[in-house]
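Visitor: I'd like a close look at a single part of this protein, with its surroundings explained along the way. Could you walk me through it?

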Amino acid sequence: MPFYRINGAIVHMQGTKLPAPCGCFDPDDDGRICLALSGYQCDYPMPGPGTCDRHLCTRHAHEVGPDRHYCPQHFERAQRHEEEG
């Protein structure tokens, strides 16, 4: 049963089909984990098979293509890579 941050308060919700909470660190909120309801996962390719898969809320999901999103950390890394190459 996940915990979420809703309007600044931590809320414990029960249910079987709830999305995972957003796992991004929020520098605007003293570096705490966001914990908002997630609707996306990070699609940044990782070494080996698979992707990052960090759960993301709409605020932290950066759309990079059709149905493709990066977390803030990987979005920044991808932009740096584009600028260098």
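Visitor: Let's take histidine 69: does histidine 69 count as buried or exposed, and what is its relative accessibility?

Guide: Happy to. One thing to keep in mind is that this is a predicted model. Histidine 69 counts as buried, because its relative accessibility is 8% and the cut-off for buried is under 20%.

Let's set the scene before zooming in. The protein has 85 residues, and 24% of them count as buried, histidine 69 among them. The fold contains 8 strands and 1 helix. Reading from the N terminus, the order is β-β-β-β-β-β-β-β-α, and histidine 69 sits in strand β8. The C-alpha trace spans about 45 × 30 × 25 Å along its principal axes. Of the contacts between residues at least 6 apart in sequence, 34% join residues at least 24 apart.

Now for the company that histidine 69 keeps. Leaving aside residues up to four places away in sequence, histidine 69 touches Tyr40, Gln41, Cys42, Asp43, Tyr44, Leu56, Ala61, His62, Glu63 and Val64. Three of these names are worth following: Tyr44, Ala61 and Cys42.

Start with tyrosine 44. The structure holds 1 aromatic pair. Its members are tyrosine 44 and tyrosine 70, arranged edge-to-face, with 5.2 Å from centre to centre and 75° between the planes. This pair links distant parts of the chain: tyrosine 44 belongs to the loop between β5 (40-41) and β6 (55-56), while tyrosine 70 is in strand β8 (residues 68-70), 26 residues apart. Both tyrosine 44 and tyrosine 70 are buried.

Next comes alanine 61, in the loop between β6 and β7 (62-65). Alanine 61 has a relative accessible area of 15%, so it is buried. Setting aside residues up to four places away in sequence, alanine 61 touches Tyr40, Leu56, His69 and Tyr70. You can also place alanine 61 against serine 38: the two are 23 residues apart in sequence, and their C-alpha atoms are 9.1 Å apart in space.

Then look at cysteine 42. Again not counting residues up to four places away in sequence, its contacts are Thr51, Cys52, Asp53, Arg54, Leu56, His69, Tyr70, Cys71 and His74. Several residues from this tour come together in the largest nonpolar core, which has 11 residues: Cys22, Cys24, Cys34, Cys42, Tyr44, Leu56, Cys57, Ala61, Tyr70, Cys71 and Ala78. Among the residues that histidine 69 touches are Cys42, Tyr44, Leu56 and Ala61, and each of those four names appears in that core.

One contact of cysteine 42 deserves a stop of its own: Asp53. Aspartate 53 lies in the loop between β5 and β6. Its phi is positive, at about 65°, although aspartate 53 is not a glycine. Aspartate 53 counts as partly exposed, because its relative accessibility is 37%. Elsewhere, leucine 35 has a positive phi near 65°, and leucine 35 is found in the loop between β4 (32-33) and β5.

Finally, step back to the outside. The accessible surface comes to about 6,000 Å², with 51% belonging to carbon and sulfur atoms. There are 8 positive and 12 negative side chains, and the centres of those two sets lie 7 Å apart.

Terms used:
Residues are numbered from 1 along each chain as its sequence is written. This is a predicted model: local features need pLDDT of at least 70, side-chain atom pairs count only at pLDDT 80 or more; totals for chains, interfaces and linings use all residues. Side-chain values use heavy atoms; hydrogens and water are left out. Helices (H or I, at least four residues) and strands (E, at least two) are DSSP runs, numbered from the N terminus. Buried means under 20% relative accessible area, exposed over 50%, partly exposed in between (1.4 Å probe, protein chains only). Contact means heavy atoms within 4.5 Å. Accessible areas come from the Shrake-Rupley method with a 1.4 Å probe; for residues, only the protein chains shown count as cover. Lys and Arg count as positive and Asp and Glu as negative; His and the chain ends are not counted. The place of a charge is taken as NZ of Lys, CZ of Arg, CG of Asp or CD of Glu. Rings of Phe, Tyr and Trp (its six-membered ring) pair if their centres lie within 6.5 Å; planes under 30 degrees apart count as stacked, over 60 as edge-to-face and the rest as tilted. A nonpolar core is a set of buried Ala, Val, Leu, Ile, Met, Phe, Trp, Tyr and Cys residues joined through side-chain atoms within 4.5 Å.
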